[in-house]
Amino acid sequence: MIKIDDLYFHYPGQEHLFEKLNLTLRDGAVHGLLGKNGAGKTTLLKIIAGLRKPIKGECRAYGYDTDKRIPDYLSQIYFVPEEFRLPGIYMKEYIKTYGPFYPNFDRDDLHDYLEKFELPDHGKLTDFSFGQKKKFLVSFGLATNCKLLILDEPTNGLDIPSKSKFRQILASSINSSRTFIVSTHQVRDIDQLIDPIVILDEGKIIFNYSLNEISSKLNIQVVDELPDKEVLYSENTIGGYSIVTENISEEGSAVDVETVFNAVIENQKKMEQIFTSTNKKD
Amino acid sequence: MNFKNIISIRRLGLHIKKEIYTKYRSGLIAIGAVTGILVVIDLLPGMLAGKPQIPNGAFYTIFILLGLFFSSRAFSEIHDEQEGLRYLTTPGSELERILTKLIVTNLIYIILGVIYFYLVTFLLKGMNLFFFDVAGGEYSFQRDVIKNYFVLHSVFFFGSVYFKSYQTIKLLFSGFVIFIILTIYSVINTRIIFGSLHLNGLKGGLSFGKYPEYFQGIYDTLSFIFRWVLVPYFWSLTYLRLKEQEV
């Protein structure tokens, strides 16, 4: 489990990015970390990976203080950043050099993933395109079989077939012992995978609920005309409006992650009321 | 804390292997360039005056300058966000990371440097005999060069973790400024303590008249500091700086 308690963080000479940030991420889930530009998603991922140190408060994962960068902890996590530079070595050299650092690294798994991504299993890494490099890193990260895989904008730079492959590969590697944190702006690429949805805004976690909870408390539908009852969020779509209303029925509705995100950002207080009051009822 | 989280020989070996795999190409390019320079310096006097000379002085200068350049770039990845992320998330303790860089830029560099010295001397002697029928000198590697490199390395090693860019230039500049400050400080002290300072010109150096023991004491102290204090001091600073490094 990853637990962040009363965490404060700011970059040198800048205002606080996080003030009293609290977050708990359970094991065995694909956490979708969403937020506007500059909300601090990448910084939060870096804090979890031990690359940034909190000013105050703590971030603990699997019993370790992440900022201490303890080798046992580092061998259980893998971070695929949005932008990266790979060393000018051959793929085989990279695998031979970096693979042994991870106790559960599986070469056969890696070859499977590379095959699924239709990547060659040889060649110089710097000769690959950005998308190929990203697919290689994602494959390598998955093959480490780490407890925690952090993916920052994993579908950026991937072509349409690769995004679909990425979804398939990620879905096939989900199990109860692995946790994924996926930060993305392109929610439609992975909206079938992420659960729960975590939304970060202005340095605070304003939403952290599972799809089940969301579907039982919100109703997301497309209508021809805006209804009279209270609409939490609406947007024009082809042939009508996509609207979010409070779900007062017993039945759950399908969840559209992007619409939920927009609804939460636009109507934060009301959302908080709906989710907290229902929680109390539960 | 688990001792293996402080140091693990297996992981240290993996880090050294990684370091060599990712950096050996630039090492090979440097060896090629240095060999070319040494061959030219050796053959030039032979072609001009028929007396080839194995360039020992040049070799030592290049050995130290190249080593210090590599040392000042030892931690270059931590100053780059993209490379730093991979470097700092690769499992390993700070002690292992620092030992890896020390072993590669110091121990392995010195061993390879000495082996290279004898190989290149052998090559140059062969060339000299072939072209000019003279060997051009008999040489053995001077241990003082290693001792001095060892100490200077620690300063540049710290600089590599401390300065974000242009580490070599900044270190040389800082060294120059520190040297000037120390010189001014010494001159002022000497004037205060002895009333005067006899400068016998730049060639003659300093003459301290009837206080040779006092200055011998200062010299011995400074020698001791240079040989035994600077190295652990800068290594410790490097370790602490690396520990707090963020990307």
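## Exercises on chain B

**Exercise 1.** Describe the side of chain B that touches chain A.

Solution. Contact joins 19 residues of chain B and 22 residues of chain A, where contact means C-beta atoms, placed from the backbone, within 7 Å. Two helices, α1 (9-49) and α3 (81-89) of chain B, each supply at least two residues of this side; helices are DSSP runs of H or I with at least four residues, numbered from the N terminus. The most comes from α1(B), with six residues. By class, the side holds six nonpolar, eight polar and five charged residues. Here Ala, Val, Leu, Ile, Met, Phe, Trp, Tyr, Cys and Pro count as nonpolar, Asp, Glu, Lys and Arg as charged, and the others, Gly among them, as polar.

This is a predicted model, in which local features need pLDDT of at least 70, side-chain atom pairs count only at pLDDT 80 or more, and totals for chains, interfaces and linings use all residues. Residues are numbered from 1 along each chain as its sequence is written, and chains are lettered from A and ligands numbered from 1 in the order in which they are written.

**Exercise 2.** Compare the expected span of α4(B) with the distance between its end C-alpha atoms.

Solution. Helix α4 of chain B covers residues 94-132, which is 39 residues. The expected span is 1.5 Å times one less than the number of residues, so 57 Å is expected for α4(B). Its end C-alpha atoms are 53 Å apart, which agrees. A kink of about 35 degrees is centred on B:Ile103, the bend being the angle between axes fitted to the seven residues ending there and the seven starting there. Just after α4(B), B:Asp133 has a positive phi of about 60 degrees.

Note on methods: Contact = placed C-beta atoms within 7 Å.
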